[in-house]
Amino acid sequence: MTRIKRIALLTDFGTRDPYVAAMKGVIAARTDAPVVDLTHDIAPQDVFGAAWFLGAIVRFWPSDTIFCCVVDPGVGTDRRIIAVERNGQTFLAPDNGLLSLVLGPRSSVLGWSVENASFFLPDNSSTFHGRDRFAPVAAAIANGVALSELGPRIGAIVQLRYEPPEYGDRVRGTIVSVDRFGNLITDIEASRIPFAPFALEAHGTTIDRLERAYAGAAAGAFLVIGSSGCIEISVANDSAAERLRMGRLDRVEVCRIDRP
């Protein structure tokens, strides 16, 4: 049975302005494929935030999903729009690093530079490619247009400046997100830490208390294995980001501790 393709939107547009509604209108005029909202609350021009968000959720989405991602500080410049295929999923995004956490530092990717103007809106603007290029191209892909029709093949994509975790005698990682509760989410996968028990060090602070869940934790800072499987820093009934004065892209280290 052929699966129904769906278009999943990720932007930094918010919902108070007409931008998302305009994109949805362009898509609806060209395809019957369903459109779903991943988020439109990425901070303005926050490419890393969009890359991390996409990397955190993409494995839960089925094949034949078209991820249309528009966080695009370089709109109107010579930056490319790219279409990439992986495991049956399609990603449409500016070539600014937004896809680098999903695809990883590969030497080559199965992708194309979107340059065929016949798929764009006529008289398209230089400031709103989300409506004039991304939306109609996403609709065309949903209708069965092959990515090879969009433009020439590409051999590599722009990568974010980001150091992936290092697992060894000391595990080094990064705070990659601060959620709305103030929890500090790292990129360190708990299952890959090669020792136990452990403590986390950051900004001169050492946290050696690992809790099973947020609820019922004693006062103060503690560690928890979050829903992503990664280590998080939390403070009971408070914002860890504000209390500990830590934030995204701060480096952290996990080390072995000896307990009697």
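Two strands pair if DSSP finds at least two bridges between them. Strand 8 (residues 170-178) and strand 15 meet that mark: they pair in the antiparallel sense over 5 bridges. The model that holds them is predicted.

## Overall make-up

The protein chain has 5 helices and 15 strands. Its C-alpha trace spans about 70 × 40 × 40 Å along the principal axes. Of the 260 residues in the chain, 49% are buried. Contacts also reach across the sequence. Among those between residues at least 6 apart, 67% join residues at least 24 apart.

## The sheet of 8 strands

Strands of a sheet pair through backbone hydrogen bonds, either parallel or antiparallel. One open sheet here has 8 strands, in the order 11-10-15-8-9-14-13-12, and its pairing is mixed. Strand 11 (205-207) and strand 12 (210-211) are the edge strands, and each pairs on one side only.

Which residue of strand 15 is the bridge partner of Thr174? The partner is Arg251. Strand 15 (251-256) also pairs with strand 10, in the antiparallel sense, over 4 bridges. There, Glu201 stands opposite Glu253 of strand 15. Strand 10 (residues 198-202) in turn pairs with strand 11, again antiparallel, over 3 bridges. Leu200 has Ile207 of strand 11 as its bridge partner.

## The sheet of 7 strands

Another open sheet has 7 strands in the order 2-1-3-5-4-6-7, with mixed pairing. Strand 2 and strand 7 (153-154) stand at its edges; each has a single partner strand, so one side of each is left without a neighbour in the sheet. Strand 7 is joined to strand 6 (residues 111-113) by 2 bridges, and the two run antiparallel. Trp112 has its bridge partner, Arg153, in strand 7.

## Two helices and their packing

Helix 4 (residues 129-142) has 14 residues. At 1.5 Å a residue they should span 20 Å, and the end C-alpha atoms are 18 Å apart, which agrees. Is helix 4 mostly covered or mostly open? Helix 4 is mostly covered, with 12 of its 14 residues buried. Among them are His129, Asp132, Phe134, Pro136 and Ile141. The buried residues pack against strand 1 (6-11), helix 1 (19-28), strand 3 (65-70), strand 4 (81-86) and strand 5 (89-94). Just after helix 4 comes Gly144, with a positive phi of about 110 degrees.

Helix 2 (47-57) has buried residues too, including Val47, Phe48, Leu54 and Ile57. The buried residues of helix 2 pack against strand 1, strand 2 (35-39), strand 3, strand 5, helix 3 and strand 8.

## The largest pocket

The largest pocket has a volume of about 760 Å³. It is lined by 27 residues. Gly55, Leu101, Tyr162, Asp187 and Glu189 lie nearest its centre. By class, the lining has 16 nonpolar, 6 polar and 5 charged residues.

Which element gives the most to this lining? Helix 2 does, with 5 residues. Helix 2, helix 3 (100-103) and strand 9 (184-189) each supply at least two residues.

## Backbone exceptions

Most residues other than glycine have a negative phi, and most peptide bonds are trans. The table lists three places in loops that depart from this pattern.

| Place | Backbone value | Loop |
|---|---|---|
| Ala196 and Pro197 | cis peptide bond, omega about -5 degrees | Pro197: between strand 9 and strand 10 |
| His203 | positive phi of about 50 degrees | between strand 10 and strand 11 |
| Arg245 | positive phi of about 55 degrees | between helix 5 (240-244) and strand 15 |

Neither His203 nor Arg245 is a glycine. Is Arg245 buried or exposed? Exposed means over 50% relative accessible area. At 72% relative accessibility, Arg245 therefore counts as exposed.

Technical notes:
Residues numbered from 1 in each chain as written. Predicted model: local features only at pLDDT ≥ 70, side-chain atom pairs only at ≥ 80, totals over all residues. Heavy atoms only, no water. 1 Å grid on protein atoms, 1.4 Å probe; cavity = no way out; pocket = protein on both sides within 12 Å on 5 of 7 lines; lining within 4 Å. Points joined across faces, edges and corners; volume = space filled by probe spheres on them. Nonpolar A, V, L, I, M, F, W, Y, C, P; charged D, E, K, R; others polar. Expected span 1.5 Å × (residues − 1). Buried < 20%, exposed > 50% of the residue type's maximum accessible area, 1.4 Å probe, protein only. Contact = heavy atoms within 4.5 Å.
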